[in-house]
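Colleague: I should like to work through this structure feature by feature. Please give the idea behind each reading and then the case at hand.

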Amino acid sequence: MELPVEEWRLCAARRWAALEPALRERLAAASLHDTLRLGCGLLRPEAEAPALRRLCRRARAGKEPAAARFYRQEGNRSFGRRHYGAAARLYSQAASHELPGSPEVSVCFANRSAALFHLGHFEVCLEDIARAESHGYPDRLLPKVLLRKAECLLCLGRLQDAADALSVVENKIATAGIVTSPAHQTLLKKLSQLKIKIQEKESCPEPAQETRGDIQRRSEIWEENVSISGASSSLRLNFDTERGRHLVASQDILPGQSLLEEEAFVSVLCPGESLLLQDSAETVWDTRVTNADLYCHRCLKQLLASVPCQGCSYAKYCSQSCADVAWEQYHRTECSLGALLLTLGVFCHVALRTVLLAGFAEVSRLVDWSHNGDRDLQDPEARCEHFSKAPETRPGTRGIPGCNDNGQYQSSYQAVFNLLPHTEKHSPEHKFLCMLSVVAICQQLQEAGLEAAVLNQESSERRSKPKTCEKTSGELSPGMKTMAEAMLRHVLQLQCNAQAITVMQESESGDGAVVNKKPVRLATAFFPVLSLLNHSCCPNTSVSFSGTAATIRASQPIPSGQEIFHCYDKDFYPCHPFAGPHRCRMRVAERQQLLSQYFFECRCRACRDELESGVKSVVSLRNTFCCPGCRAPMQGEDMLCCSNEACAISVSRETLSCRLGDLQQRIKRALEMLRDRKADQAIKMLLKCQVDAECFLSPEHLLMGELEDHLAQVYATLGKWQEAARHLERSIEIVEMHHGPSSIEIGHELFKLAQILFNGFAVSEALSTIQRAEEILSVHCGPQSTQIQELQEMKTCLSELPRSILQRT
């Protein structure tokens, strides 16, 4: 959710409509500075402020002991059913709701350690055991946890540490005196068994095993650009009035070559929709898993055992060090605003975190400088002249916006600040909504006594926790107005410059033999260097992410002098896994409509060819309806007629579209059956959907490929590898027609096929598929990607099979 919740948007719209026409007119034409000056007092304490507080009560971001009890009990139920992954996540949610210093939090960590042990995550299990001990786990229960510690150490081959842990257990049992309870006897029996195991391992040490991490990794050739931070030396930065700042190849570039490696200046994890609960008289806690439960809120690393924030229930981290860094950099300010930030959306959150990371001194310097050129910034030529007078540009030079005095474009706050906000192009209502939201955040910061910390006027010794002070008036201080102006600028910038960070995430269905992964939008970020790339519906690059770092690679040969293009795949296209208005995914009219939010008309090669030639796009030709009678393509706009002259059938587009929608709903229900482990029922429904689809969809329609993909998934769940491979090969044929033989979509389909062939023991077919998948995915994702490593593991395993077996397959 990038923008505020719908109720707040409606509230802002009503406030805008109630303003005097003259004031609306002035606000519509105002600069950012004047917008804040005119609108700062329009958030009324008797109307909008209480409405916002009511909305914030739906976003539960505080500590709730009752919620902790609920999640702990649900975790116990899942553990009892041996659903250890679900149990670990529920115990994490319980820990996040426990009050700081509460003894119950140690129970959450201890319980989670048991789930992690059963999942085989022994190192992380040990970390949780240490957390339980440090948080005051009850002494009477400690022997059981310490036995688990010893067993973990034993599994990790740390025999002496395991023996030392058993000695501690023995001492604790001896100190407790003679106890004859069944639980005590079970402990003694377990202790005895572990001692025997340690002795056996000491007498017969296991041979050292080669780790999978020893698989050779190909190194990438990289020479950094002296003028553009994180960019390859094969690029140069250009600037003109038509294209603005853009990157051009300074030499011939090969497919797969890394062009840019950039760490996000700022990123914010996208919350799950379930965090925003509907108003209800009953207290209900949501057990659905969202990104907020699965990834570190700072580095975006996948979580196994989260470290909760001490002040709120929302922020979770992969380690205590990550939690400490986040607290010092920004979370000490954000912590008490959790519900407000969830209500006002990710864009407002990114804007706040951006100014907190930059610091008040840098924000103030650039805001003051911008006041001298607000009018100039709307005209490209005047803007270029204005930037030649920027605070860090040599006098007398026409500096490129965002570059420092050495002509370097760095991933810095100055570069972020100089991204275009397009103030004059946003609708007045949207600007007003963003202004009210930013003012609400800044007022809350003042009321929470955080103004001094935000303006860097407080010593580090006094920054331990936010303090509450008496409520101040709604008027913002001059310093907070400066921060609000910068935040408003960043919220408006994000519409054109936000970059969605995506990850390949495993789907919930299946039995684990074949891991079905799909791209998931994880976070929204500012990448100032990546933002230099202009859009094309036929790009020559591909982007991948590792944590908060983005890597851009050439997806095709790029000759010297050609511009580097990127297909804009921002947060606005979550419906498609490889989202973005690519020519393979959308017709030109759809692409143009979606790209209008960026305030430009796309004139890339793909759009020009399609618009000027009048020839229908590949998408139009393949994603067509076919005649229900003779299967020939249907033609027309609202009323479709069969293209076969001998056939007189005609059907309205609306009728066939409704039929398509119904088919998609049935496919969705079939996948739900698969998740519920009703594979046989899922197959029957998908086969029926396939028969129905063939009656009115083109054989090359993407949905036909999706049906084959889903059937392959179900058959793989049942271990019917040949059937699964047959359906997936059909899916690959259709995907290749739409996206091309070297597309990332084909790479991911081949990855799934490799897994199916590997599990089905089709060695020669698996090896050839692995090779093709590696070639494609290494171009788009690089040799260090998780999928490449998994493919190499499969190849190593198959190559080590006895020659006699290889000859038979």
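Modeller: Let us begin with burial. At 1% relative accessibility, Thr343 counts as buried, because the term covers values under 20%. Please bear in mind throughout that this is a predicted model.

Colleague: In which helix does Thr343 lie?

Modeller: Thr343 belongs to helix α14, which spans residues 338–344.

Colleague: From which backbone oxygen does a polar atom of the Thr343 side chain lie 2.8 Å?

Modeller: That oxygen belongs to Ala339: 2.8 Å separates the Ala339 backbone oxygen from a polar atom in the side chain of Thr343.

Colleague: Let us turn to glycine. Is Gly705 buried or exposed?

Modeller: Gly705 counts as buried, since its relative accessibility is 3%. Gly705 is part of helix α27 (residues 702–717).

Colleague: With which residues is Gly705 in contact, leaving aside its neighbours within four places in sequence?

Modeller: With those neighbours set aside, Gly705 is in contact with Ser731 and Ile734. A C-alpha distance can be read alongside the contacts: Gly705 and Leu728 are 8.4 Å apart in space, C-alpha to C-alpha, and 23 residues apart in sequence.

Colleague: Next, the charged pairs. How is a salt bridge recognised, and how many salt bridges does the count come to?

Modeller: The criterion is a side-chain nitrogen of Lys or Arg within 4 Å of a carboxyl oxygen of Asp or Glu. By this rule there are 26 salt bridges. One of them joins the side chains of Glu123 and Arg158, at 3.9 Å from N to O. This pair links distant parts of the chain, 35 residues apart. Glu123 sits in helix α8 (residues 122–134), whereas Arg158 is in the loop between α9 (142–155) and α10 (159–176).

Colleague: How should the accessibility of these two partners be read?

Modeller: Each falls in the intermediate class. Glu123 has a relative accessible area of 43% and is therefore partly exposed. Arg158, at 35% relative accessibility, also counts as partly exposed.

Colleague: What separates Asp128 and Arg131 in helix α8?

Modeller: About one helical turn separates them, because Asp128 and Arg131 are three residues apart in helix α8. Their side chains form a salt bridge with an N to O distance of 2.7 Å. Both of these residues, Asp128 and Arg131, are buried.

Colleague: Which residues are linked with Asp128 and Arg131 in a network of salt bridges?

Modeller: Arg112 and Glu127 are linked with Asp128 and Arg131 in that network.

Colleague: Please add a pair from another helix.

Modeller: Lys752 and Glu749 form a salt bridge through their side chains, at 3.0 Å from N to O. The two are three residues apart in helix α29 (residues 744–759), so about one helical turn lies between them. Lys752 and Glu749 are both buried.

Colleague: Now the sheets. What is the general idea?

Modeller: Strands of a sheet pair through backbone hydrogen bonds, in either a parallel or an antiparallel manner. Here, three strands in the order β3-β11-β10 make an open sheet with antiparallel pairing. Its edge strands are β3 (258–263) and β10 (541–546), each of which pairs on one side only. On average, and with direction ignored, neighbouring strands of this sheet are turned by 15° against each other.

Colleague: Over how many bridges do β3 and β11 pair?

Modeller: β3 pairs with β11 (residues 549–554) over five bridges, in the antiparallel sense. Ser258 stands opposite Arg553 in β11. Helix α30 (residues 763–781) lies across β10 and β11 and runs at about 120° to β11.

Colleague: What order do the strands have in the other open sheet of three strands that includes β14?

Modeller: The order is β13-β14-β15, and the pairing is antiparallel. β13 (634–635) and β15 (650–652) each have a single partner strand, so one side of each is left without a neighbour in the sheet. Two bridges join β13 to β14 (residues 639–642), and Met634 stands opposite Cys642 in β14. Helix α25 (residues 653–675) lies across β14 and β15, at about 70° to β15.

Colleague: Finally, where does UniProt place the feature "domain: MYND-type"?

Modeller: The unreviewed UniProt entry places that feature at residues 296–335. In the model, this stretch is 38% helix and 10% strand, with its end C-alpha atoms 15 Å apart.

Terms used
Residues numbered from 1 in each chain as written. Predicted model: local features only at pLDDT ≥ 70, side-chain atom pairs only at ≥ 80, totals over all residues. Heavy atoms only, no water. Helix = DSSP H or I, 4+ residues; strand = E, 2+ residues; numbered from the N terminus. Buried < 20%, exposed > 50% of the residue type's maximum accessible area, 1.4 Å probe, protein only. Pairing = 2+ DSSP bridges. Axes fitted to C-alpha atoms, helices over the stretch in contact; angles between N-to-C directions. Contact = heavy atoms within 4.5 Å. UniProt positions renumbered as here; feature names shortened; annotations may be inferred. Polar contact = N/O pair within 3.5 Å; in protein donor to acceptor, adjacent residues only side chain to side chain.
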